[in-house]
Amino acid sequence: MFNDIGPLELVTLVVLAVLIFGPDKLPKVIQDVTRTIRKIREFSESAKQDIRSELGPEFKDFEFEDLNPKTFIRKQLDNDELGLKEIRNGFDLKKEMAEVTDAVHSRDTDTPSPSPSSPSGSAGGRVDMTKKPEGDERPPFDMDAT
């Protein structure tokens, strides 16, 4: 519940509790808080047991943690009935990334490279992004456009 509280925050909370409640009332407040937390946990456990008993035997493996969307999706994707493991294992990410990289860098062997004589610098609808544009001059500065 409080996994991200560091030692400095914990000391700060203790000092604030002592300042707010005083050293005389602090043990009583701590007892009241722990008793309340314990009652809330007992109430939630009894509610879970009531729900499980009302659902019947067909939901005997029902877990309330499955209601969390992340857990539910992870459980459904790990289900072997869908055949997703075969699809996942058949996908070679390195090979796909290499093909994409080759396509981006125009290293595709079955398509011709762009010819330098073409006016737009492209062949077959492809644009050579590595080639610098002709005329490296900057456009004129427009004060109204900024």
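**View 1. Helix α4 and the residue that comes after it.** In this predicted model, helix α4 is followed by S106, a residue with a positive phi near 55°. The helix itself covers residues 93–104, 12 residues in total. How far apart should its ends be, at 1.5 Å a residue? The expected span is 16 Å, and the end C-alpha atoms are indeed 16 Å apart, which agrees.

**View 2. The whole chain, to help you find your way.** Follow the chain from its N terminus and you will meet its elements in the order α-α-α-α-β-β. That makes 4 helices and 2 strands. The chain has 146 residues, and 6% of them count as buried. Its exposed area is about 13700 Å², of which carbon and sulfur atoms supply 61%. Take the contacts with a separation of 6 or more: residues 24 or more positions apart account for 0% of them.

**View 3. Three charged residues linked along helix α1.** Helix α1 takes in residues 7–55, and both D32 and K28 lie in it. Side chains of opposite charge can pair when their charged atoms come close. Here D32 forms a salt bridge with K28, with 3.4 Å between the closest N and O atoms. The two residues are 4 apart, about one turn of the helix. D32 also pairs with R35, again through a salt bridge, whose closest N and O atoms are 3.1 Å apart. R35 and D32 are 3 residues apart in α1, about one turn as well. An α-helix has 3.6 residues a turn, so residues three or four places apart point the same way. Are these side chains buried or partly exposed? D32 counts as partly exposed because its relative accessibility is 28%. K28, with a relative accessible area of 48%, is partly exposed, and R35 is partly exposed at 38%.

**View 4. Another salt bridge in helix α1.** Which residue pairs with E45? The partner is K48, and the closest N and O atoms of this salt bridge lie 4.0 Å apart. E45 and K48 are 3 residues apart in helix α1, so about one helical turn separates them. E45 has a relative accessibility of 42% and therefore counts as partly exposed. K48 is partly exposed too, at 24%. Looking back to the previous view, salt bridges with shared partners join K28, D32 and R35 into one network. The structure holds 4 salt bridges, including those shown in these views.

**View 5. A nonpolar patch on the surface.** Here you can look for I5, L10, V11, L13, V14, V15, L16, V18, L19, I20 and F21, which form a nonpolar patch on the surface. Together they have about 1000 Å² of accessible area. Where does I5 sit along the chain? I5 belongs to the segment before α1. With a relative accessibility of 32%, I5 counts as partly exposed.

**View 6. Where the prediction is confident, and where caution helps.** The chain has a mean pLDDT of 77, and 72% of its residues reach 70 or more. Which element has the highest mean pLDDT, and which the lowest? Helix α1 comes out highest, at 91, while strand β1, made of residues 122–123, is lowest at 44. Over residues 111–123 the pLDDT is below 50, and this stretch has 10 contacts in the model beyond near neighbours in sequence. Where pLDDT is low, the predicted coordinates should not be read in detail.

Conventions: Residues are numbered from 1 along each chain as its sequence is written. This is a predicted model: local features need pLDDT of at least 70, side-chain atom pairs count only at pLDDT 80 or more; totals for chains, interfaces and linings use all residues. Side-chain values use heavy atoms; hydrogens and water are left out. A salt bridge is a side-chain nitrogen of Lys or Arg within 4 Å of a carboxyl oxygen of Asp or Glu. Buried means under 20% relative accessible area, exposed over 50%, partly exposed in between (1.4 Å probe, protein chains only). The expected span of a helix is 1.5 Å times one less than its number of residues. Patches are made of residues with over 30% relative accessible area and no salt bridge: like charges are joined within 9 Å, nonpolar side chains (Val, Leu, Ile, Met, Phe, Trp, Tyr) within 5 Å. Accessible areas come from the Shrake-Rupley method with a 1.4 Å probe; for residues, only the protein chains shown count as cover. pLDDT is the predictor's confidence in each residue, from 0 to 100. Contact means heavy atoms within 4.5 Å.
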